[in-house]
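Consider how charged side chains pair within a single chain, and where the partners sit. The structure is shown here for reference.

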Amino acid sequence: MSLGALLADGGSDPIGLSGRRGRIFEQLRINLNHHPATETVVVRPTRDQKDRKLVAQFDTQILVDGLADADEVRLEINWWTHPIGTDDQLKFHCIESSSYDCGWHRQPHPEESDIPFDHFQQRASPESDYQY
């Protein structure tokens, strides 16, 4: 059985951007490009080079009307589709040049079982631990 046959039910290759996952990434890219504060939206490899993510850069003068401390704000999005009957997993992560970092994740957190499937995390600086 080929990988493509396994994906016909709506699931997707966890690394590739084809099928339903590719369509979700494309729609997210289109939606982000419609926001007036969006400067760029690109697909980039993840830190470990094993996956892809959408990365949007925003103009902070438009995004928060100049009230943010950060000069740069980016949103990193990832979405992993699953077959019908299994919830998709995703994460939206916001990183500011002021070091503020937060994200909404819909994915298991195997290292800490008390963190729910849907969870929010934030930290004030790259040296800080995430708070849930």
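The paragraphs below go through the salt bridges of this model, which is predicted.

Side chains of opposite charge can pair when their charged atoms come close. A search of the whole structure finds 7 salt bridges. Two of the pairs described here involve helix H2, which spans residues 19-34.

In one of them, Arg20 pairs with Asp88, and their closest N and O atoms are 2.9 Å apart. Arg20 belongs to helix H2, while Asp88 lies in the loop between strand E3 (72-80) and strand E4 (89-96); the pair links distant parts of the chain, 68 residues apart. Arg20 has a relative accessible area of 26% and is therefore partly exposed, since the buried class ends at 20%. Asp88, at 13% relative accessibility, falls under that cut-off and so counts as buried.

Arg21, also in helix H2, is the partner of Asp51, which sits in the loop between strand E1 (38-45) and strand E2 (52-59). The N to O distance in this salt bridge is 3.0 Å, and the two residues are 30 residues apart in the chain. Both Asp51 and Arg21 are buried.

A further salt bridge joins Asp118 and Arg106, with 2.7 Å from N to O. Asp118 is in strand E6 (residues 118-123) and Arg106 in strand E5 (residues 101-106), so the bridge ties together parts that are 12 residues apart in sequence. Asp118 is partly exposed at 35% relative accessibility, and Arg106 is partly exposed at 28%.

Salt bridges also connect Lys53, Arg74 and Glu76 in a network.

Technical notes. Residues numbered from 1 in each chain as written. Predicted model: local features only at pLDDT ≥ 70, side-chain atom pairs only at ≥ 80, totals over all residues. Heavy atoms only, no water. Salt bridge = Lys/Arg side-chain N within 4 Å of Asp/Glu carboxyl O. Helix = DSSP H or I, 4+ residues; strand = E, 2+ residues; numbered from the N terminus. Buried < 20%, exposed > 50% of the residue type's maximum accessible area, 1.4 Å probe, protein only.
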